[in-house]
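Please open the structure in your viewer and keep the selection tool at hand. We will go from one stop to the next, and at each one you will hear what to select and what is there.

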Amino acid sequence: MTDDVHHLTEGVRLRPVTLSDADSFARALTRSRAYMRRWEPVRPDAFYTPEGQARRLTALLADRDAGRAMPWALADEEDRVVGAMTLASIERGPFRNARLGYWIDVDLAGRGLATAAVTRVCEEARDVLGLHRIEAGTVLDNAASQRVLAKCGFELYGTAPRYLHINGAWQDHRMFQRILHDGPPQG
């Protein structure tokens, strides 16, 4: 996996997540909780604490170490978390696929950070992880995320009824994919 840091815009960079990010994740997720509610699962209050984030990050980093995930943080000039990108459910073999999830801090939404970060994550997925395809889903009314995916070369391929339990109910999702290359599987 890569340990590279990538500058996305002035003052924001994409870098691998570390366990020491737990406090910063807790603050950013708490700050953005109401804003992201309609696109996220209902979470217990403990999720938004440094201890809750340390537990989540410990599991996520174990998945990274096992080759099943690659988590990145978007960090500002003071190294505070202002968003995240995660490739999860990484599969090797003939599928070479991952699922993309991401969020941007409420105070920085709409500034092109998600587009820049998704573009960079797709490059890493292709060039470093050797993946063929990335998929992503959005609730039907998340037009901003759908625009990000379209700008980054994802194509809509269908609708998944009652796909995820989001904001207290099973929600239909628009499903997107990006084919990263057509070469044979490597590694």
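Two strands pair if DSSP finds at least two bridges between them. Keep that rule in mind for the first stop, and note that this is a predicted model.

**Stop 1: the sheet around β8**

Select residues 169-179, which make up strand β8, together with residues 133-139, strand β6. These two strands pair in the antiparallel sense, over 7 bridges. For a single point of reference, pick Glu135, which stands opposite Gln177 in β8.

Now add residues 155-166, strand β7. How many bridges join β7 to β8? There are 8, and these strands run antiparallel. Two places help you follow the pairing: Gly158 stands opposite Met175 in β8, and His165 has Trp170 of β8 as its bridge partner.

Move on to the turn. β7 and β8 form a hairpin with 2 residues between them. One residue in the turn, Asn167, has a positive phi of about 50 degrees.

**Stop 2: the whole chain**

Zoom out and colour by secondary structure. You should find 4 helices and 8 strands. Following the sequence, the pattern is β-β-α-α-β-β-β-α-β-α-β-β.

How far does the chain reach along its principal axes? The C-alpha trace spans about 45 × 35 × 30 Å. A compact globule of 187 residues would have a radius of gyration near 16 Å, and the chain agrees with this, at 16 Å.

If your viewer can draw a surface, turn it on. The accessible surface of the chain comes to about 9,400 Å², and 51% of this belongs to carbon and sulfur atoms. Of the 187 residues, 46% count as buried. Among contacts between residues at least 6 apart in sequence, 61% join residues at least 24 apart.

**Stop 3: the nonpolar cores**

In soluble globular proteins, nonpolar side chains tend to be buried together. To look inside this chain, select Leu74, Met85, Leu87, Leu100, Val118 and Phe154, and show their side chains. They have the most contacts inside the largest nonpolar core, which has 32 residues.

Several elements each supply at least two residues of this core, among them β3 (70-75), β4 (81-91), β5 (97-104) and α4 (143-151). Which element gives the largest share? That is α3, with 7 residues.

Next, select Val17, Ala73, Ala84 and Trp103. They belong to a second, separate core of 16 residues. Leave Trp103 selected for the next stop.

**Stop 4: aromatic pairs**

The chain has 3 aromatic pairs. For one of them, add Phe25 to Trp103: the ring centres are 6.2 Å apart and the planes stand at 65 degrees, so the pair is edge-to-face. Phe25 sits in helix α1 (residues 22-36) and Trp103 in strand β5, so that the pair links parts of the chain 78 residues apart. Are these two buried or exposed? Phe25 counts as buried at 1% relative accessibility, and Trp103 is buried too, with a relative accessible area of 12%.

Then select Tyr35 and Trp39. Their rings also form an edge-to-face pair, at 5.4 Å centre to centre with 80 degrees between the planes. Tyr35 counts as partly exposed at 33% relative accessibility, while Trp39 is buried, with a relative accessible area of 18%.

**Stop 5: two residues with a positive phi**

Most residues other than glycine have a negative phi. Select Asp79, in the loop between β3 and β4. Asp79 is not a glycine, yet has a positive phi of about 65 degrees. With a relative accessible area of 34%, Asp79 is partly exposed.

Last, select Ser89, which is found in strand β4. What is the phi of Ser89? Its value is positive, about 55 degrees, although Ser89 is not a glycine. At 33% relative accessibility, Ser89 counts as partly exposed.

Definitions and conventions
Residues numbered from 1 in each chain as written. Predicted model: local features only at pLDDT ≥ 70, side-chain atom pairs only at ≥ 80, totals over all residues. Heavy atoms only, no water. Core = buried A, V, L, I, M, F, W, Y, C linked by side-chain atoms within 4.5 Å. Buried < 20%, exposed > 50% of the residue type's maximum accessible area, 1.4 Å probe, protein only. Rg over C-alpha atoms; globule rule 2.2 N^0.38 Å. Contact = heavy atoms within 4.5 Å. Areas by Shrake-Rupley, 256 points an atom, 1.4 Å probe, with all protein chains shown as cover. Phe/Tyr/Trp six-rings, centres within 6.5 Å; stacked < 30°, edge-to-face > 60°.
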